[in-house]
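The following exercises concern the reading of strand pairing, accessibility and salt bridges from atomic coordinates. Each task is followed by a solution in steps.

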Amino acid sequence: MRPTPAVRALVTGSVLAVLAACGGPPQGGDVRRATKAAVPAPVKKPAAQGLPGMPPLLDPKDVYAADRPNRLSPVVKDFPSRVYVPNTESDTVTVIDPKTYKVTGTIRVGRQPQHVVPSWDLKTLWVNNDKGNTLTPIDPRTGKAGDTVDVHDPYNLYFTPNGRYAVVMASLDRELVFRDAHTMKRRKTVPVSCYGVNHADFSPDGRYFIVSCEFSGELLKVDTEKMKVVGQEKLPLAGAMPQDVKISPDGKKYYIADMKADGMWILDGDRFTEPSFLPTGKGCHGLYISRDSREMYISNRGEGTISVFDFTKNELTKKWRLPAGGSPDMGGVSSDGKVLWLSGRYDAEVYAIDTRTGEQLARIPVGSGPHGLAVYPQPGRYSLGHTGIFR
């Protein structure tokens with residue numbers, strides 16, 4: 001599906017806005033006025049406090065400051081480095097040694113595993129068996145699977161920044177289900193009116209998160225502490241299919257991949273107004289941040305390419321094309337930041353890509369329908385879920 005002329009006009013205008021550095025001062029912003037000495041200075045409002053129990057950011061200007069190369073938590077520093085690939089049509093997880101690019105094992109899991117998700121405390125990898133209505137825990141120290149846990153429709157899984165709750169993206173149930181982060185017992189169910197909740201990311205203070213609704217082309221804003229939807233909007237493109245969500249390092253913008261619009265929506269999460277748009281490539285799908293917080297890797301599943309967005313320049317700077325094509329989907333960045341790992345959704349393979357040159361380092365056969373692979377361990381103090389969003 002291609003955008004209409006009206007949407008192309010929107011895209012053109014949005015791109016110009018992006019290149020002009022977006023996010024200028026709002027109307028009615030700060031205006032300096034002369035004040036008589038007898039008039040007391042206005043009392044400054046205290047800075048907004050973070051979500052109770054959430055570890056403070058290492059750097060308020062960079063939400064990814066804890067993700068620097070090889071800065072592994074003591075919890076994971078002795079875990080073997082592996083790539084875990086859920087194969088949705090084979091009902092397995094393929095395990096790859098990233099040093100040799102060889103498959104080291106295959107784990108049988110439940111029906112239609114969608115993502116492999118690191119737990120908030122970094123100790124467990126949860127396999128989301130969507131159609132099997134279960135989660136399979138994997139011990140990343142030993143690589144062995146534990147007993148499955150009954151969880152209905154676990155398409156994707158996130159964790160609140162204070163580590164208190166897991167948030168299950170129950171896509172077909174049309175629910176956000178808050179569960180105990182350790183036992184996975186249901187604590188609160190939040191019905192939603194959009195269809196296909198699937199991906200999310202949290203604000204710098206952890207007080208809200210933005211959710212994409214794939215099948216109805218909508219976005220949600222959810223209050224983390226109240227566990228309540230506080231905003232909902234329709235994307236300005238008929239047939240929009242939003243996918244992965246990532247926040248900018250400075251915490252001011254959200255980027256939402258859209259596989260039908262063939263690019264990213266750029267949203268002011270605080271205001272939650274209509275987003276602008278930046279074309280990237282056909283089937284824009286996954287978003288991954290470089291270890292220095294300077295770039296974002298964007299998988300364009302429909303054309304076998306990876307676009308590179310430079311946060312400091314606020315523009316796309318490179319596009320890497322996979323030799324012999326492919327269907328790059330979900331994945332993550334190696335601990336040292338040198339390799340981008342992506343699943344080949346429609347080609348039963350995994351790609352290893354050099355983040356300095358864009359060169360394909362390896363193309364590894366796996367099971368059928370590989371999807372949300374996790375590179376593990378990765379730097380960071382705690383996990384917010386998906387295939388690895390770390391703070």
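**Exercise 1.** Determine the sense in which strand 19 and strand 20 pair, and the number of bridges.

*Solution.* Strand 19 (residues 263-267) pairs with strand 20 in the antiparallel sense, over four bridges. Strands here are DSSP runs (E, at least two residues), numbered from the N terminus, and two strands pair if DSSP finds at least two bridges between them. One bridge partnership joins Trp265 to Phe277 in strand 20. Next, place the pair in its sheet: four strands form an open, antiparallel sheet in the order 17-18-19-20. Strand 17 (242-247) and strand 20 (276-279) are the edge strands, each pairing on one side only. From one strand to the next the twist averages 25°, with axes taken as lines fitted to C-alpha atoms and angles running from 0 to 180 degrees between N-to-C directions.

The model is predicted: local features need pLDDT of at least 70, side-chain atom pairs count only at pLDDT 80 or more, and totals for chains, interfaces and linings use all residues. Residues are numbered from 1 along each chain as its sequence is written, and side-chain values use heavy atoms, with hydrogens and water left out.

**Exercise 2.** Describe the hairpin that strand 15 and strand 16 form.

*Solution.* Strand 15 (residues 218-223) and strand 16 (residues 228-234) pair in the antiparallel sense over six bridges. Glu218 has Lys234 in strand 16 as its bridge partner. Four residues lie between the two strands, and Met227 in the turn has a positive phi of about 55°.

**Exercise 3.** Which parts of the chain does the salt bridge between Arg207 and Glu225 tie together?

*Solution.* The side chains of Arg207 and Glu225 meet at 3.1 Å, N to O, which satisfies the salt-bridge criterion (a side-chain nitrogen of Lys or Arg within 4 Å of a carboxyl oxygen of Asp or Glu). Arg207 lies in the loop between strand 13 (197-202) and strand 14 (208-213), and Glu225 in the loop between strand 15 and strand 16, so the pair ties together parts that are 18 residues apart in sequence.

**Exercise 4.** Classify Arg68 and Asp62 as buried, partly exposed or exposed.

*Solution.* Apply the cut-offs: buried is under 20% relative accessible area, exposed over 50%, and partly exposed in between (1.4 Å probe, protein chains only). Arg68, at 23%, is partly exposed, whereas Asp62, at 8%, is buried. Their side chains form a salt bridge of 2.7 Å, N to O.
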